[in-house]
Number of protein chains: 2
Amino acid sequence: MVGIDDVARAAGVSTATVSRALSGRGPVSAATRERVMVAAESLGYVVSAAASSLASGRARAVGVVVPFLDRWFFSTVLAGISDGLVRHGYDITLYSVGDERRRVFDDHVRRRRIDALITIALESDAEESASLRRLGVPIVAIAGPNPLLTTLTVDDLAVGRLATAHLLALGHRRVAHIGADAATAAGSTVPALRRRGFEEALAEEGIAEAPVYPADFTIEGGSAAAARALDADHRPTALFAASDEMAIGAILAAREKGLRVPDDVSIIGVDGHELGRWFGLTTVDQFARGQGERAAAAVLAELDGAEPARGLGTLPFELVERGSTAPPSA
Amino acid sequence: MVGIDDVARAAGVSTATVSRALSGRGPVSAATRERVMVAAESLGYVVSAAASSLASGRARAVGVVVPFLDRWFFSTVLAGISDGLVRHGYDITLYSVGDERRRVFDDHVRRRRIDALITIALESDAEESASLRRLGVPIVAIAGPNPLLTTLTVDDLAVGRLATAHLLALGHRRVAHIGADAATAAGSTVPALRRRGFEEALAEEGIAEAPVYPADFTIEGGSAAAARALDADHRPTALFAASDEMAIGAILAAREKGLRVPDDVSIIGVDGHELGRWFGLTTVDQFARGQGERAAAAVLAELDGAEPARGLGTLPFELVERGSTAPPSA
DNA sequence: GACGCGACTGCAAGCGCTTGCACTAACGTG
DNA sequence: CACGTTAGTGCAAGCGCTTGCAGTCGCGTC
């Protein structure tokens, strides 16, 4: 394996100069730099991450922690992050929490392999937040506001209100919500906020209560929940699902029952899932890829010496009207 | 930051013993090990990846290279890999190639941050293969057979034949294929093989030629290609799409034209996409998650000292009949 | 012409671990 | 009982870089 001294010898300079020439830190004359680059290139030299990291304290890598990998939202955010970081020479170290959250945070993340950390949709309690802070690296959490961390937040209460208000504005009064089941709600406050937004919007219209059907944020779960909702006597004329995948499940369930969308039942989701347009799904888009890009940018800024902002401002969202919602039929 | 000497002092032993006790290499008495573990735990000590890696030459990380992150197939395979590796204490370093393949392979991957490498759906030419071999770490490529690398291969020729044979067995004779466009075909031989399987199966039935419509493996692309296929005079009675996403696009396109699936046109895909069942899509499942798990297992075996197998055998696939295919109507 | 000053460059001391080797002590064995 | 073994431990030399510090050199100034 060719090392820095091989390059130094080939270029006729010291290893210190090679290091400076290649990393761009410290003054090196243009001529020397050129010579070093040529030597490195021709020898196929690439710096050893371990040695460089040990000596400099910089790892040139950013950790990303996700709850799951194989869900559209997470892989899309991840793609946005990757885009933003690779361009700046950072590697990504990926931690998929699965059901070993504790182990991932206490062991893997703490090996000091990374210069910064991004977490997605993982609400951290005081203890976990403190433990993360102790890492001593910039951290950006895409999650609900948390005064202990730098967070990038979608105002999910407002999202819930917006979706519900859309249905109300169309004239619906019998509206049901498909939200998180216990297991899904455990790790995140997002579903609870969307639901509260739903309930607040209804309350303002004087609608005291509306049924909520729990599901697991998958198409299948959404379908099953919608089936129950649509079988209830006094069937709702509109359904607000807390994710597009569940909303799509709801559309499919409605179809199976021979109900027409939106004629017999209006359906709205949240996310901006790429499939939505194929189902004519009205939704509140939250620009997943953009969330990843913003997280990457925030992390890069902080690595560049910017002050860590506590609140990075809220993330945008937007009602996208397609065909799955309409006024209730007489 | 607490280091190994802090632990050594607390446990009353040398750093060498701490290292051995914590890593499990080399003899340490049970009592000493216990004392060290307690000390490490109470101090919150976690080994520095950089220092450990530099000293030992082991990084406890596996690199994974994917063409894209936000496509179902890749994120699903990745989830399988992650599952397999995390359980064994390995971190994952993720490289998303995008349009910087060269840079990723020549720079990032070569920083010796990883103990092994898994590539997904990236055919490597002789030069790239050689360059990867030179990394000196185990490599498993989920891709077409490549004598220069350890590959985990789906027999895509057979997949193409199987899908086509299914349509032929149902009695279809006017069959069209939705395959890769130039850009998509560039990085991978998979689409070409599926297409050849398609053509061979037809040829055996004496069907000399059948139209092929290029697309980009997305729902949208599949939909557009199917629209063209279904508009052709002498409309095909069956469509074989080289991916489930394109097949779903085809179903949607057919519906938009008022054609019934499978009555007016049969449609079959490849992948085993989770959405398939919602569209009643007949497909050739290739068990994406399992592919990732097998790649992880193969890599772990080799890291454990097993001989690198050149061909790791072929990956399973299976026809899943759902409602989107049926005999052609009179 | 002496001096101060920047711009470059090299020396060498680490960065925080792992591990070959040497050593000690405790056990069989013949 | 002397000796070979083996298990357990410590010493200290790196692993391959980065960087503070100390030169060296060429210039511009007074």
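By class, the surface near DNA strand C comes out as 12 nonpolar, 13 polar and two charged residues; here Ala, Val, Leu, Ile, Met, Phe, Trp, Tyr, Cys and Pro count as nonpolar, Asp, Glu, Lys and Arg as charged, and the others, Gly among them, as polar. The model is a predicted one, with local features needing pLDDT of at least 70 and side-chain atom pairs counting only at pLDDT 80 or more, while totals for chains, interfaces and linings use all residues. Residues are numbered from 1 along each chain as its sequence is written, and chains are lettered from A and ligands numbered from 1 in the order in which they are written.

Back to the DNA. Of the 27 residues around strand C, the ones that come nearest are Ala16(A), Ile4(B), Ala16(B), Ser19(B) and Ala55(B), where "near" asks for a C-beta atom, placed from the backbone, within 6 Å of the strand. Both chains chip in: α2 (15-23) and α4 (49-56) of chain A, plus α2 (15-23) and α4 (49-56) of chain B, each supply at least two residues of this surface. Helices (H or I, at least four residues) and strands (E, at least two) are DSSP runs, numbered from the N terminus. DNA strand D is also surrounded by 27 residues, with Ile4(A), Ala16(A), Ser19(A), Ala55(A) and Ala16(B) the closest. Two or more residues of the surface near strand D come from each of α2 and α4 of chain A and α2 and α4 of chain B. The class count for strand D reads 12 nonpolar, 13 polar and two charged residues.

Next, the helices that meet the DNA-facing α2. In chain A, the axes of α2(A) and α3 (residues 30-43) come within 9 Å and cross at roughly 90 degrees; axes are lines fitted to C-alpha atoms, for helices over the stretch in contact, and angles run from 0 to 180 degrees between N-to-C directions. That makes α2(A) roughly perpendicular to α3(A), a label for angles of 65 to 115 degrees (under 35 is roughly parallel, over 145 roughly antiparallel, and the rest oblique). On the α2(A) side, Thr17(A), Val18(A), Ala21(A) and Leu22(A) meet Thr32(A), Arg33(A), Val36(A), Met37(A) and Ala40(A) of α3(A), contact being scored when C-beta atoms, placed from the backbone, lie within 7 Å. Sorted by class, this contact holds six nonpolar, two polar and one charged residue. Over in chain B, the axes of α2(B) and α3 (residues 30-43) come within 9 Å, crossing at roughly 90 degrees. So α2(B) is roughly perpendicular to α3(B). Thr17(B), Val18(B), Ala21(B) and Leu22(B) in α2(B) touch Thr32(B), Arg33(B), Val36(B), Met37(B) and Ala40(B) in α3(B), and the contact has six nonpolar, two polar and one charged residues.

As for how the two chains relate, chain B can be laid on chain A with an RMSD of 0.1 Å by a turn of 180 degrees and a shift of 0.1 Å along the axis; the superposition is by least squares on the C-alpha atoms of residues with pLDDT of at least 70 in both copies. The two copies are thus related as by a two-fold rotation axis. The same surface serves both, with 100% of the contact residues of chain B recurring in chain A. Each chain puts in its share: 32 residues from chain B and 32 residues from chain A. On the side of chain B that touches chain A, two or more residues come from each of α4, α5 (72-86) and β2 (91-96) of chain B, with α5(B) giving the most, six residues. This side divides into 16 nonpolar, eight polar and eight charged residues. Strands join across the interface too: β2 (residues 91-96) of chain A pairs with β2(B) in the antiparallel sense over three bridges, pairing being called when DSSP finds at least two bridges. Within that pair, Ile92(A) stands opposite Leu94(B).

Finally, the sheets. Chain A has an open sheet of six strands, ordered β7-β6-β8-β9-β10-β12, with mixed pairing. Its edges are β7 (212-215) and β12 (318-320) of chain A, each with a single partner strand, so one side of each is left without a neighbour in the sheet. The twist averages 20 degrees from one strand to the next. Strands β9 (residues 266-271) and β10 (residues 282-285) of chain A pair in the parallel sense over four bridges, and Asp271(A) stands opposite Asp285(A). In chain B, β6 (residues 175-180) and β7(B) pair in the parallel sense over four bridges, with Ala180(B) opposite Ala215(B).

Note on methods:
Contact = placed C-beta atoms within 7 Å.
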